[in-house]
2 protein chains.
Amino acid sequence: MSKQPKYQQVADALRREIDNGTYGPGSRLPSEAELAARFDASRNTVRSGLSLLVSQGLITSSQGLGYEVRKHEVFELNASRFENLDFPQNGDAYSTDVVNAGRRPHQTFRVEVTTTPEYIAQRLKVEPGSRSVLRFCHRFVDDVPWSTQATHYPDWLVQEAPRLAEPGDIDEGTTRYLAGLGIEQVGYADEIATRMPTPEEARLLEIGPGVPVLLWTRTGYTTERPVRCTVTTFRGDLNRMNYEIGDLSARNENEAK
Amino acid sequence: MSKQPKYQQVADALRREIDNGTYGPGSRLPSEAELAARFDASRNTVRSGLSLLVSQGLITSSQGLGYEVRKHEVFELNASRFENLDFPQNGDAYSTDVVNAGRRPHQTFRVEVTTTPEYIAQRLKVEPGSRSVLRFCHRFVDDVPWSTQATHYPDWLVQEAPRLAEPGDIDEGTTRYLAGLGIEQVGYADEIATRMPTPEEARLLEIGPGVPVLLWTRTGYTTERPVRCTVTTFRGDLNRMNYEIGDLSARNENEAK
DNA sequence: TAGTGGTCTAGACCACCTC
DNA sequence: AGGTGGTCTAGACCACTAC
C-alpha cells in the first residue's frame with residue numbers, strides 16, 4: 001500500500017462522505033479554510049483535492065458561495081421513436097417530448113449557407129467545401145441550456161426544397177416538408193460518441209468542468225441517397241438516449257412509470 | 001471584452017496551436033519552465049493552464065516525460081447488428097468485431113452470484129436485493145483496456161438455464177444457449193449515457209483525467225418478460241456506437257470504407 | 001463588512017525518465 | 001546528473017455573495 005498524496009486523501013475522504021450521504025445532493029461542503037484545518041494541509045492542497053472532485057463531475061464551485069454537491073436529473077430521449085412521421089402534433093418532435101415531460105422548452109434558431117465541413121461531407125456523400133444549408137438550433141429546457149443541433153442539407157436538395165434555405169422555422173417540420181415534396185427519409189444512420197466539451201460548447205451549453213458532452217450524429221437517407229446530417233450536442237449530465245430494437249411488447253404492455 | 005486570467009490565456013494559446021497543427025497528435029509540448037518564460041508567468045500558473053487542457057482531454061502528462069498531444073482513434077460498435085442470431089461464427093460478437101477490425105482482443109471473465117442492485121432490478125422487474133447471476137467481462141484490445149461488461153440474469157432464469165451460473169465461458173454464446181432452451185430474446189431496450197469515470201472505473205479502464213466513459217445498458221426481452229440486463233462501460237475516447245434504423249439500402253449498396 | 005472561492009507568486013523538495 | 005512533471009507550502013490580492 002503506497003502512500004497517497006495529501007490532496008488525494010482529501011478528495012477520497014470527501015468522496016466517501018458524499019457517497020455515504022454525509023453531504024447529500026445540493027448540500028454545501030465546508031469552506032476551504034475549514035477543510036485545510038481538518039486535514040492539516042495548506043489551502044492550495046485542499047483546493048487540489050476539491051478541483052479533482054469538480055473535474056470528476058461530483059461537485060461544483062461558485063465564487064462567494066462555496067462548493068456544492070451536484071444534483072443529477074436526466075432527461076430521456078427516445079431516438080428510435082424520434083421523428084416518426086405519424087406524429088400526432090405539429091411542431092418538432094423535441095418540443096413535444098419536452099412538454100410531455102412537463103417541462104418548458106424554448107429555442108433560438110438560425111439558418112445559414114455554409115461550406116460543408118469534412119465530417120458532414122463524408123456522411124452526405126458530397127465534396128468537402130461544397131455549399132450546404134445549415135439550420136442551427138440552440139435549445140433550452142426551463143431556461144437551462146440543453147443541447148445544440150446543427151442540420152446540414154446538401155446543395156442539390158436545397159434546389160428541390162427551397163424553403164430549407166429560408167430563415168425562420170418550418171411549421172410542419174422539415175421532415176414532413178420534405179416528405180410533401182416526395183423526399184421521404186426511410187432510414188437513419190446514428191452515431192453516438194462522448195468527449196469533453198470544446199470551450200465553444202462549454203459556453204453555449206453553460207457546462208462547467210467535469211461534465212462531458214454526448215454527441216449524436218444522425219444521417220437521414222431516402223431510398224436513393226443521404227439527404228441530411230444532423231449533429232446534436234447534449235449536456236452529458238442532463239441527457240440519456242434510448243433505443244428500442246425489435247419486439248418490446250413485453251415491456252410496454254404494463255408500463256407504469 | 002473582459003480580461004482573461006493568465007492561466008486561461010496560456011490554455012487558449014496552446015489550444016490554438018494544437019488546433020492549427022503547430023503541435024500535432026502525439027507531439028510533445030514545451031516544458032513547464034519554457035512555457036513560464038514564454039508567458040511571463042510562474043510555473044504554477046502555467047500548470048493551471050496545462051491542467052485545464054488535460055481535464056478537457058486535449059493533452060496528457062507523464063512524470064519525467066512532459067506533456068503530449070492526445071491521439072484519437074476510435075473503434076465503432078454497431079449496436080443494431082450486435083448479437084444477431086444468424087451470426088456466422090461461434091464465440092461472442094465482441095471478439096468477432098474486433099478481429100474483423102484487424103485488432104487483437106482478449107478478455108478476463110468471472111461469474112458470481114450477487115444481490116441485484118437497484119438499477120438492474122428495475123429493469124429486470126425483480127425485487128431489489130433478490131439473487132441474480134452476474135457474468136462480468138473485462139475486455140482489452142491490443143492489450144489496452146477497452147471496456148467492462150456486466151450482465152445480470154434473474155434467479156428464475158438461472159433455474160431454467162443452470163449453465164449461466166457455472167464459471168467459464170459458454171462456447172456458443174449465452175444468447176444462443178438461451179435460445180436453445182426456448183428462451184429467445186426478441187427485443188432490446190438500450191440506454192446510453194455519459195459521465196466522468198468513478199475512481200474504480202478509472203482504474204479498470206486505465207483512464208486518465210479528461211476522458212469520460214460511455215455507458216450502455218441493454219435489457220433483453222422475450223415475448224413474455226425481461227431476461228437479462230447488460231451494462232457496458234466504454235472508454236469514451238476510444239469508442240463510438242452506431243445504430244441503423246429503417247431502410248439503409250442507399251448507404252450500404254456501394255460501401256467502400 | 002465579513003466570508004467565500006479565484007488567481008498568482010516564489011520557492012522547496014520529491015519522483016520519474018533519459019543519458 | 002540533469003531535466004521533466006508532481007506535491008506542498010505560505011502568503012498576497014482580487015471578485016463575488018451575503019448580510
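## Terms and basis of the model

A residue is called buried under 20% relative accessible area, exposed over 50% and partly exposed in between, as found with a 1.4 Å probe on protein chains only. This is a predicted model, in which local features need pLDDT of at least 70 and side-chain atom pairs count only at pLDDT 80 or more, while totals for chains, interfaces and linings use all residues. Residues are numbered from 1 along each chain as its sequence is written, chains are lettered from A and ligands numbered from 1 in the order in which they are written, and side-chain values use heavy atoms, with hydrogens and water left out.

## Two loop residues with positive phi

B:Glu206 is exposed because its relative accessibility is 54%. This residue is not a glycine, yet its phi is positive, at about 50°. B:Glu206 sits in the loop between α8 (199-204) and β8 (213-221) of chain B; helices (H or I, at least four residues) and strands (E, at least two) are DSSP runs, numbered from the N terminus.

In chain A, the loop between α5 (118-124) and β5 holds A:Lys125. The phi of A:Lys125 is positive as well, near 55°, in a residue other than glycine. With 44% relative accessibility, A:Lys125 counts as partly exposed.

## Relation between the chains

Chain B is superposed on chain A by a rotation of 180° with 0.1 Å of shift along its axis, giving an RMSD of 0.1 Å. This is the relation of a two-fold axis. The same surface serves both copies, since 100% of the contact residues of chain B recur in chain A. The superposition is by least squares on the C-alpha atoms of residues with pLDDT of at least 70 in both copies, and contact means heavy atoms within 4.5 Å.

## Surroundings of DNA strand D

DNA strand D is surrounded by 23 residues, of which the closest are A:Lys6, A:Tyr7, A:Asn44, A:Thr45 and B:Arg43; a residue is near a strand if one of its heavy atoms lies within 4 Å of it. Of the strand D atoms within 4 Å of the protein, 63% belong to sugar or phosphate and the rest to bases. The surface near DNA strand D has 5 nonpolar, 12 polar and 6 charged residues. In this classification Ala, Val, Leu, Ile, Met, Phe, Trp, Tyr, Cys and Pro count as nonpolar, Asp, Glu, Lys and Arg as charged, and the others, Gly among them, as polar.

Individual atom pairs involve several parts of the strand. A phosphate oxygen of DNA strand D is 2.9 Å from a polar backbone atom of B:Glu32, and a base oxygen is 3.4 Å from a polar backbone atom of B:Gly64. The elements giving two or more residues to this surface are α1 (6-19) and α3 (43-55) of chain A, together with α3 (43-55), β1 (59-62) and β2 (66-69) of chain B.

## Surroundings of DNA strand C

Around DNA strand C there are 23 residues, the closest being A:Arg43, B:Lys6, B:Tyr7, B:Asn44 and B:Thr45. Of the strand C atoms that come within 4 Å of the protein, 62% are accounted for by sugar and phosphate.

A phosphate oxygen of DNA strand C lies 2.3 Å from a polar side-chain atom of B:Thr45. A polar side-chain atom of B:Gln63 is 3.4 Å from a sugar or linking oxygen of the strand. Two or more residues of the surface near DNA strand C come from each of α3, β1 (59-62) and β2 (66-69) of chain A and α1 and α3 of chain B.

## Nonpolar cores

The largest nonpolar core has 20 residues, of which B:Leu29, B:Leu50 and B:Ile59 touch the most other members. Such a core is a set of buried Ala, Val, Leu, Ile, Met, Phe, Trp, Tyr and Cys residues joined through side-chain atoms within 4.5 Å. At least two residues of this core are supplied by each of α1 (6-19), α2 (32-39), α3 and β2 of chain B. Apart from it lies another core, of 19 residues, including A:Leu29, A:Leu50, A:Ile59 and A:Val69.

## A buried arginine and a loop glutamate

A:Arg139 belongs to strand β5 (residues 131-141) of chain A. It counts as buried because its relative accessibility is 6%. The side chain of A:Arg139 makes a polar contact of 2.7 Å with the side chain of A:Gln149; a polar contact is a pair of N or O atoms within 3.5 Å, and within protein one must be able to donate a hydrogen and the other to accept it, with residues adjacent in sequence counting only if both atoms are side-chain atoms.

B:Glu73 lies in the loop between β2 and β3 (75-78) of chain B and is partly exposed, at 48% relative accessible area. Leaving aside neighbours within four places in sequence, B:Glu73 is in contact with B:Arg103, B:Asp237 and B:Leu238. The C-alpha atoms of B:Glu73 and B:Asn239 are separated by 8.3 Å, although these residues are 166 residues apart along the chain.
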